[in-house]
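Reader: I am new to reading protein models and would like to go through this one step by step. Could you take my questions in turn and explain each term when it first comes up?

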Amino acid sequence: MSNLQHKIYGLLGYPAKHSLSPLMHNAAFSALGLDAEYKIFEVPPQDLDAFFSNLYLEGIYGLNITIPYKEKVLGFLNEISKETQLIGAVNTIRVLGKRLAGFNTDGEGFIRHLTEDLNFNPKDKVISILGAGGAGKAVSVFLSKYRPRRISIYDINLATAIALVGRLKSNFKYTEFRVARSVKELG
């Protein structure tokens, strides 16, 4: 049983041992004087259920999620935001006792940089997005909240772009969404 003062955070993925995240996070914890540790949880797919069953017993307070689990962890969560649900992927989990809250910070981080650091307001703009995968989904969902005039999305996998545009059209009524069938059609 873990010491209640010592908090454990980590990266869940498979494979994940190559990650430099523990080095970065543990240096930050040390610099801040926090009694916390960041670990790698390299969990094979067949052990994912058992990992989540024991999560709160292990003193784990939060996780970053990487491949191949960003979508697979959704079934273990008790709470997700509307944006995370639309994105369909999670990259951060907060452990709240026996409850798990999932977030996707990619889109929010992008929007914060765009609006705060670059002073760019997406409202009424024409926007092009290359890629409808994880980051493309996150960015398009968060951009859509600002009511741009149009968002065009291109992905090498046309079906992925079509699915994302369909999801966006169903949830954001003030923006025109287009599937670009080539990079030249963006804009």
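**Questions on a predicted model**

Author: Lys137 has its place in helix H5, where helices (H or I, at least four residues) and strands (E, at least two) are DSSP runs, numbered from the N terminus. This is a predicted model, in which local features need pLDDT of at least 70 and side-chain atom pairs count only at pLDDT 80 or more, while totals for chains, interfaces and linings use all residues. Residues are numbered from 1 along each chain as its sequence is written, and side-chain values use heavy atoms, with hydrogens and water left out.

Reader: Does Lys137 count as buried or exposed?

Author: The term buried means under 20% relative accessible area, exposed means over 50%, and partly exposed lies in between, with a 1.4 Å probe and protein chains only. The relative accessibility of Lys137 is 16%, so this residue counts as buried.

Reader: Which residues does Lys137 touch, not counting those up to four places away in sequence?

Author: A contact means heavy atoms within 4.5 Å. With residues up to four places away in sequence not counted, the residues that Lys137 touches are Glu71, Ile87, Ala132, Leu164 and Arg167.

Reader: What does Gly136 touch, not counting residues up to four places away in sequence?

Author: Gly136 also has its place in helix H5, and at 12% relative accessibility it counts as buried. Its C-alpha atom is separated by 20 Å from that of Ile93, which is 43 residues apart along the chain. Leaving out residues up to four places away in sequence, Gly136 touches Ile129, Gly131 and Leu164.

Reader: How are H5 and H6 oriented to each other?

Author: The axes of H5 and helix H6 (residues 158-171) come within 11 Å and cross at roughly 25 degrees; such axes are lines fitted to C-alpha atoms, for helices over the stretch in contact, and angles run from 0 to 180 degrees between N-to-C directions. Angles under 35 degrees count as roughly parallel, over 145 as roughly antiparallel, 65 to 115 as roughly perpendicular and the rest as oblique. H5 and H6 are therefore roughly parallel.

Reader: Which residues of H6 make the contact with H5?

Author: From H5, the contact is made by Gly136, Lys137, Ser140, Val141 and Ser144. Sorted by class, the residues of this contact divide into 3 nonpolar, 3 polar and 2 charged, where Ala, Val, Leu, Ile, Met, Phe, Trp, Tyr, Cys and Pro count as nonpolar, Asp, Glu, Lys and Arg as charged, and the others, Gly among them, as polar. On the side of H6, the residues are Leu164, Arg167 and Leu168.

Reader: How are H4 and H5 oriented to each other?

Author: The axes of helix H4 (residues 105-117) and helix H5 (residues 134-144) come within 7 Å and cross at roughly 55 degrees. The contact includes Phe110, Ile111 and Leu114 of H4, together with Ala138, Val139, Phe142 and Leu143 of H5, and by class it has 7 nonpolar, 1 polar and 2 charged residues. From the crossing angle, H4 and H5 are therefore oblique.

Reader: Which strands stand at the edges of the sheet with the order E7-E8-E9?

Author: This open sheet of 3 strands has parallel pairing, and two strands pair if DSSP finds at least two bridges between them. H5 lies across E7, E8 and E9, running at about 165 degrees to E7. Two of the strands each have a single partner strand, so one side of each is left without a neighbour in the sheet, and these are E7 and strand E9 (176-179).

Reader: Which residue in E8 stands opposite Ile129?

Author: Strand E7 (residues 126-130) and strand E8 (residues 150-154) pair in the parallel sense over 5 bridges. Ile127 and Ile129 form the covered face of E7, while Val126, Ser128 and Leu130 form the uncovered one. Opposite Ile129, in E8, stands Ile153.

Reader: What is the strand order in the open sheet of 6 strands?

Author: Pairing in this sheet is mixed, and strand E5 (residues 92-96) and strand E6 (residues 99-103) pair in the antiparallel sense over 5 bridges. Within that pair, the bridge partner of Ile93 is Gly102. The order of the 6 strands is E2-E1-E3-E5-E6-E4.

Reader: How many helices and strands does the protein chain have?

Author: Buried residues make up 39% of the 187 residues in the chain, and the C-alpha trace spans about 55 × 35 × 30 Å along its principal axes. The count for the protein chain is 6 helices and 9 strands.
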